[in-house]
Amino acid sequence: MPSFDIVSEVDKHQLTNAVDQVNRTITTRYDFKGVDAEVERSEFVLTLRADSEMQIGQMEDLVRQALIKCSIDPLVMDVGEPTQSGKQVKLEIKLKNGLDKELSKKIVKIIKDEKLKVQAAIQGDAVRVTGKKRDDLQQVIAMLRSKELEQPLQFENFRD
């Protein structure tokens, strides 16, 4: 029986490349000369440090551009509020990795509302879709790509 998985994952290697790219850009930009500014990464949390909120805003734009260049959808970014700590301003950006229960339920409901001959089941942080025909599964993929969800989706393990 044909099936595939719906997931939402961030490639750690590409994320590391994006962070390195932003840090390199910061060291070469004129408006960051003599400024202690950098982006630190721990798992799926990015911490931006700079001397002013204006620079934090520019760094956030740089992070967004670097993620796009590294094929990571910027919808995964959950940007916090900038906080002042001493002379520096910090900003935390959490990256959404995996489907949470609410989004998984929403995806299953969307699939069931289309009344296609497929079954959708939540399996951990993924949604498995099975059906008798490959065309039905491809319809589900096309329909989900057209929907505006709060997280980017990837479709993996397509099996016949």
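Me: What makes strand 2 and strand 3 a pair, and in which direction do they run relative to each other?

Reply: In this predicted model, five bridges join strand 2 (residues 38-42) to strand 3 (residues 45-50); pairing asks for at least two bridges, so the two strands count as paired, and they run antiparallel. One of the bridge partnerships sets Glu40 against Thr47 in strand 3. The two strands form a hairpin with two residues between them, and Glu43 in the turn has a positive phi of about 55 degrees.

Me: How do you know that Asp36 and Arg49 form a salt bridge?

Reply: The closest N and O atoms of Asp36 and Arg49 are 3.5 Å apart, and the limit for a salt bridge is within 4 Å, so the pair qualifies. This salt bridge links distant parts of the chain, with Asp36 in the loop between helix 1 (12-28) and strand 2, and Arg49 in strand 3, 13 residues apart.

Me: Why is Arg49 called buried, while Asp36 is called partly exposed?

Reply: Arg49 has a relative accessible area of 13%, and buried means under 20%, so Arg49 falls in the buried class. Asp36, with a relative accessible area of 44%, lies between the 20% and 50% limits and is therefore partly exposed.

Me: What else does the side chain of Arg49 meet in a salt bridge?

Reply: The side chain of Arg49 also meets that of Glu38, at 2.2 Å from N to O, and this pair joins strand 3 to strand 2 across 11 residues of sequence. Glu38 has a relative accessible area of 27% and is partly exposed. Asp36, Glu38, Glu40 and Arg49 are linked in a network of salt bridges, and the structure holds nine salt bridges.

Me: Why is Lys109 called exposed and Asp113 partly exposed?

Reply: Exposed means over 50% relative accessible area, and Lys109, at 52%, is therefore exposed, whereas Asp113, at 49%, is partly exposed. The two residues form a salt bridge, their closest N and O atoms being 3.1 Å apart, and both lie in helix 3 (residues 101-113), four residues apart, about one turn of the helix.

Me: What makes Gln151 a buried residue, and with which side chain does its own side chain make a polar contact?

Reply: Gln151 has a relative accessible area of 6%, which is under the 20% limit, so Gln151 counts as buried. Its place is in the loop between helix 4 (134-146) and strand 9 (154-159), and its side chain makes a polar contact with the side chain of Ser8 at 3.1 Å. Leaving aside neighbours within four places in sequence, the residues in contact with Gln151 include Lys96, Asn97 and Gly98. Glu150, found in the loop between helix 4 and strand 9, is partly exposed at 39% relative accessibility, and its contacts, with the neighbours within four places again left aside, include Leu75 and Lys106.

Me: How do you know that the chain is more spread out than a compact globule?

Reply: The chain has four helices and nine strands. Its radius of gyration is 19 Å, well over the 15 Å that the globule rule gives for 160 residues, so the chain is more spread out than a compact globule. Along its principal axes, the C-alpha trace spans about 60 × 25 × 25 Å, and buried residues make up 39% of the 160 residues.

Note on methods: Residues are numbered from 1 along each chain as its sequence is written. This is a predicted model: local features need pLDDT of at least 70, side-chain atom pairs count only at pLDDT 80 or more; totals for chains, interfaces and linings use all residues. Side-chain values use heavy atoms; hydrogens and water are left out. Buried means under 20% relative accessible area, exposed over 50%, partly exposed in between (1.4 Å probe, protein chains only). A polar contact is a pair of N or O atoms within 3.5 Å; within protein, one must be able to donate a hydrogen and the other to accept it, and residues adjacent in sequence count only if both atoms are side-chain atoms. Contact means heavy atoms within 4.5 Å. The radius of gyration is taken over C-alpha atoms; the globule rule is 2.2 Å times the number of residues to the power 0.38.
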